[in-house]
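Got the model open in your viewer? Here is a short tour of what to select, stop by stop.

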Amino acid sequence: MDLKSKINLEKLPRHIAVIMDGNGRWAKEQGMARVFGHRNGVKAVRETTEACTELGVEYLTLYAFSTENWKRPESEVNALMTLLVETIKNEINTLNENGVRLRAIGDISRLPEKSRNTLLQAMENTSGNTRMTLVLALNYSAKWEIVEAARKLALATKSGEIEATAIDEDAFANALSTSGIPDPELLIRTSGENRISNFLLWQIAYAELYFTPTLWPDFRREHLYQAIIDFQNRERRFGKTSEQLL
Ligand code: IPE
Ligand code: IPE
Ligand code: MG
């Protein structure tokens, strides 16, 4: 039986987040430079986005560049920024055809101007699409985001916009860059690394974590289906007992 038919469409995660990892190792395995791995990761991005759209997943967040990734060699950082611009330009028509809206989280003010402008244009260009939202995490760090939210709320309190006593979980979530986006129920990380690397720390409080040894450039529809099936076979208790869920 094919994997797709094993997915219960009534119990799909509304939001899937992915830490796309392993491009460098994939390239190394082929005796190629790391950038070759990044280029080959684009196919996995396309397949994952299309598969999520077809299934009816409402939000897909892809970790594309962390704040810590600036520490990589300059040539790799530049190649990643160029690849971002190229990919967005190449994919924009497909995104529109498939009804995908593009959003970004992270400090995009620090991206090179060309990358930022292409991104802003693409977000504007797809803003009317409603089938799925593709969120790119770019120059993103969860600790940065949480500190930003705290600062925003502190300023709003100071200016009298809100009362300090009105700061609750909802107010805090609304001050994050993911405001309005439901928390991911499923977080996938490829490449066999079992860590979060400063991604969505607040939002994954109750997410199901799925780690796969598959390197990102090898990740295809079937790998996504497998992750969703695994997710659907888990018991999400949210602090309750098994019996209470019956
Ligand atoms: C993920 O692949 C892509 C980014 C972080 C931009 P890596 O480049 O981290 O690949 P590995 O982990 O070195 O194999
Ligand atoms: C996490 O991958 C960031 C992205 C996928 C963009 P890294 O490869 O940078 O993570 P660490 O540093 O190995 O944890
Ligand atoms: Mg990595």
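## Helix pairs and ring pairs

Start by selecting helix 2 and helix 3, whose crossing is right-handed (clockwise turn of the near helix from the far one by less than a right angle; anticlockwise would be left-handed). Before going on, some ground rules: this is a predicted model, where local features need pLDDT of at least 70, side-chain atom pairs count only at pLDDT 80 or more, and totals for chains, interfaces and linings use all residues. Residues are numbered from 1 along each chain as its sequence is written, chains are lettered from A and ligands numbered from 1 in the order in which they are written, and side-chain values use heavy atoms, with hydrogens and water left out.

Helix 2 covers residues 34-55 and helix 3 covers residues 74-97; their axes come within 11 Å and cross at roughly 30°. That makes the two helices roughly parallel (angles under 35 degrees; over 145 is roughly antiparallel, 65 to 115 roughly perpendicular and the rest oblique). The axes are lines fitted to C-alpha atoms, for helices over the stretch in contact, with angles from 0 to 180 degrees between N-to-C directions. Helices (H or I, at least four residues) and strands (E, at least two) are DSSP runs, numbered from the N terminus.

Now show the side chains in the contact (heavy atoms within 4.5 Å). On helix 2, pick out Arg34, Val35, His38, Arg39, Val42, Arg46, Thr49 and Glu50; on helix 3, the partners include Glu76, Ala79, Leu80, Leu83 and Glu86. By class, this contact of helix 2 with helix 3 has six nonpolar, four polar and seven charged residues (Ala, Val, Leu, Ile, Met, Phe, Trp, Tyr, Cys and Pro are nonpolar, Asp, Glu, Lys and Arg charged, and the others, Gly among them, polar).

Keep helix 3 on screen and add helix 4, residues 113-125: the two pack at an angle of about 15°, with their axes 9 Å apart. This crossing is left-handed. Which residues make the contact? Met81, Leu84, Val85, Ile88, Lys89, Ile92 and Asn96 come from helix 3, and Lys114, Ser115, Thr118, Leu119, Ala122 and Asn125 from helix 4. They divide into seven nonpolar, four polar and two charged.

Next, the aromatics. A search of the whole structure finds eight aromatic pairs (rings of Phe, Tyr and Trp, using its six-membered ring, with centres within 6.5 Å; planes under 30 degrees apart are stacked, over 60 edge-to-face and the rest tilted). Select tryptophan 26 and phenylalanine 36: the ring centres are 5.7 Å apart and the planes sit at 25°, so the pair is stacked. Tryptophan 26 is in helix 1 (residues 23-29) and phenylalanine 36 in helix 2, so the pair ties together parts 10 residues apart in sequence. Tryptophan 26 is buried at 9% relative accessible area, while phenylalanine 36 is partly exposed at 29% (buried is under 20%, exposed over 50%, partly exposed in between; 1.4 Å probe, protein chains only).

Then jump to tyrosine 140 and phenylalanine 199, an edge-to-face pair with centres 5.9 Å apart and planes at 90°. Tyrosine 140 is in strand 4 (residues 132-140) and phenylalanine 199 in the loop between strand 5 (186-189) and strand 6 (208-211), 59 residues apart. Tyrosine 140 is buried at 0% relative accessibility; phenylalanine 199 is also buried at 0%. Add Tyr63 to see the cluster that ring pairs form with Tyr140 and Phe199.

Last stop: the backbone. Asparagine 139, in strand 4, has a positive phi near 50°. Leucine 200, in the loop between strand 5 and strand 6, has a positive phi near 40°.
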